[in-house]
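Grab a coffee and work through a few exercises on the structure below. Each one gives a task, then a solution in steps.

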Amino acid sequence: MGKQFKEIWQSLGANQRISLILASGLVVLAMIGMMIWAAQPDMQLLYGKLSPEEAGKIVAKLEQKGIKFETGAGGNSIYVESKQVHRLRMELATEGIPAGGSGPGFELFDEGSFGISDFVQRTNFLRAVQGELSRTISQFDGIESARVMVVMPENRLLSRSEGQDRPTASVFVDGGGLTASTVNSIRHLVANAIQRLNVNDVVVVDSMGTVLSEELRSDGLGGGMSSDVMKYRKSMESYFTTKVQSMLDRVLGPNQSEVRVAVDIDTASVQTTEKIYDPESQVARSTQSDEDSQIERETSGDGSNSAAGITANNPGNGAAAGTFSTIKEREDKNKTRTENFEINERVVSSVQNPGSIKRLSASLVVAKRMKDVGGTMDLVERTPEEMEELTDIVLTALGIQLEPGQQATDFVTVKEMAFAADPFENHGELLEEEANFQRYFEMGKNGVGAILGIGVILFFMQMLKRYKPEKISIEVLQPDQMLETRKMEDTSVVTPEMLNELIRQKPANIGVSLREWIGEEVKKK
């Protein structure tokens, strides 16, 4: 191989040698670049969206461990080799890095607190609770960072006004696109972490200055708040819609029907008190008795038996001696009885709270069926019996019972229409294909450099094997022979007769001369 290369090298001209050297250098540089690119480690995100303090702590730990890392744009993200990501996260988590959120947590109490006043202790406890809440809220999807501020009322024996003795909280979140359920979860999380904190006293504000919790404030349906009524109505409609839709999906299949339920809510609060008297049912309340009676007695007897007195001692009345006298006695008695009866009385008090359902109605749209007709898929409409069955299904799911004179169409409307194509139908497949492509790209990236380098070497060696130097035999004539055989005058001018004679004597020499002559002419041009 070395001898062959030496022969090829000696047969090349100066320009060809320079071109070969440059081409070989480019090939070597390309191979070295591909090998370096293939040897680069696969860097993955360790932590992102870090504060400068947290990023500094992580960098210090990585430098202490001697681990290679890279920082992203802005310095708020750190990348390490993919094989070390999970191990480093577990090791840093055991050391409490990153803490997440803003502000310290309960690590404030890790150190001794000897000699600290009660006021400082309570302040540190409040700071710790705020820091822990900030860290927890920062874990929600879509929230980059959070900050919680809690205002605790002072302990006073006398309160100046009602409402000022309750704690309040404000939550600042840096993130967009937060759903109502996420904001409501934040409110309840903060309210349950602070003693005596009401959910309605928690305000959530985003980085754009929008109060996210304003629409979630609730004083109950009895408070007369229209927003509470609308939220209650939406929740009821969502419940009934999900209830009917889940049944239709099992019957018709997914994405083959769309139902909406309207709920009419009675928001009036009525309190009724009713008194009922039953005259047939009597109860003796009191009884009063008065007794009044009269008795008379008469007594007759001899006058001698009369009582001593003026008449008896009078001498002129002696002739009347021996006569009879009558004595009357009278006794009066009265008896009266009075009874009082109480008529039975019943008092009925009833309270009707708001939120009762006055009316339910539903609208159902069903997609037309696809049927194979003559080898082609066509839309086929459903029969009236099938539409009636769907109506009965909706009525039963909503719990509507038809009264005499009512029809099903008064509550449920069922229509059959062709559904529009879903533009995101194949979105999941596209995401899966993209994930597979990324995985295959990562797998093949490490081997592409080596394969290209080996291919370039093999191609170069194959080209060397195919190139063979042309053997040229040049016979040098002696001056005597040249003079004898040339038979021409020795002049510096090349004539056609001279060329013909040279061609006849040594054709190979003429071929070499012509090639050199043509090459010189091309170089001049």
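**Exercise 1. Sort the residues of strand E4 by face: which sit on the covered face and which on the uncovered one?**

Solution. Start with the covered side of E4, which holds Ala146, Val148 and Val150. Now flip over: Ser145, Arg147, Met149 and Val151 make up the uncovered face. The numbers skip back and forth because side chains in a regular strand alternate between the two faces of the sheet. One caution before you go on: this is a predicted model.

**Exercise 2. Place E4 in its sheet: what is the strand order, and which strands are at the edges?**

Solution. First, the order: three strands line up as E4-E5-E6 in an open sheet with mixed pairing. Next, the edges are E4 (145-151) and E6 (202-206), each of which pairs on one side only. On average, neighbouring strands here are turned by 15° against each other, ignoring direction.

Then see where "mixed" comes from. E4 and E5 run antiparallel and are joined by 7 bridges. E5 (residues 168-174) pairs with E6 in the parallel sense, over 5 bridges. To pin the register down, take one residue from each pairing: Val148 is opposite Val171 in E5, while Ser170 has Val203 as its bridge partner in E6.

**Exercise 3. Do the same for the sheet with E1: in what order do its strands come?**

Solution. The order is E1-E3-E2, again an open sheet of 3 strands, and the pairing is antiparallel. Its edge strands are E1 (43-47) and E2 (70-71). Between E1 and E3 (residues 78-81) you'll find 4 bridges. Within that pairing, Leu45 has Tyr79 in E3 as its bridge partner.

**Exercise 4. Lys83 and Glu81 form a salt bridge. Is each one buried or exposed?**

Solution. Check the contact: the N to O distance between the two side chains is 3.9 Å, and the cut-off for a salt bridge is 4 Å. Next, look at Lys83: its relative accessibility is 69%, so it counts as exposed. Glu81 comes out at 19%, so it is buried, as the limit for buried is under 20%.

**Exercise 5. Look at two further salt bridges: how far apart are the closest N and O atoms?**

Solution. Take Arg233 and Glu237, where that distance is 3.1 Å. Both residues belong to helix H7 (residues 226-252) and are 4 residues apart, about one turn of the helix. Arg233 is partly exposed, at 33%.

Now take Glu258 with Arg260, at 2.9 Å. Glu258 has 37% relative accessibility and counts as partly exposed. Salt bridges with shared partners also link Lys65, Arg87 and Glu91 into one network. The full count is 10 salt bridges.

**Exercise 6. Search for aromatic pairs: how many are there, and what is the geometry?**

Solution. The whole structure gives 1 aromatic pair, formed by Tyr239 and Phe240. Their ring centres are 5.1 Å apart, with 70° between the planes. That angle makes the pair edge-to-face, since the label applies over 60 degrees. Phe240 itself is buried, at 9% relative accessibility.

**Exercise 7. Which residues form the nonpolar surface patch that includes Ile36?**

Solution. Alongside Ile36, the patch has Leu26, Val28, Leu29 and Ile32, and together they have about 490 Å² of accessible area. Ile36 is in helix H2 (residues 14-39). At 49% relative accessibility, Ile36 counts as partly exposed, because exposed starts over 50%.

Note on methods
Residues are numbered from 1 along each chain as its sequence is written. This is a predicted model: local features need pLDDT of at least 70, side-chain atom pairs count only at pLDDT 80 or more; totals for chains, interfaces and linings use all residues. Side-chain values use heavy atoms; hydrogens and water are left out. Rings of Phe, Tyr and Trp (its six-membered ring) pair if their centres lie within 6.5 Å; planes under 30 degrees apart count as stacked, over 60 as edge-to-face and the rest as tilted. Buried means under 20% relative accessible area, exposed over 50%, partly exposed in between (1.4 Å probe, protein chains only). Patches are made of residues with over 30% relative accessible area and no salt bridge: like charges are joined within 9 Å, nonpolar side chains (Val, Leu, Ile, Met, Phe, Trp, Tyr) within 5 Å. Accessible areas come from the Shrake-Rupley method with a 1.4 Å probe; for residues, only the protein chains shown count as cover. Helices (H or I, at least four residues) and strands (E, at least two) are DSSP runs, numbered from the N terminus. Two strands pair if DSSP finds at least two bridges between them. Axes are lines fitted to C-alpha atoms, for helices over the stretch in contact, and angles run from 0 to 180 degrees between N-to-C directions.
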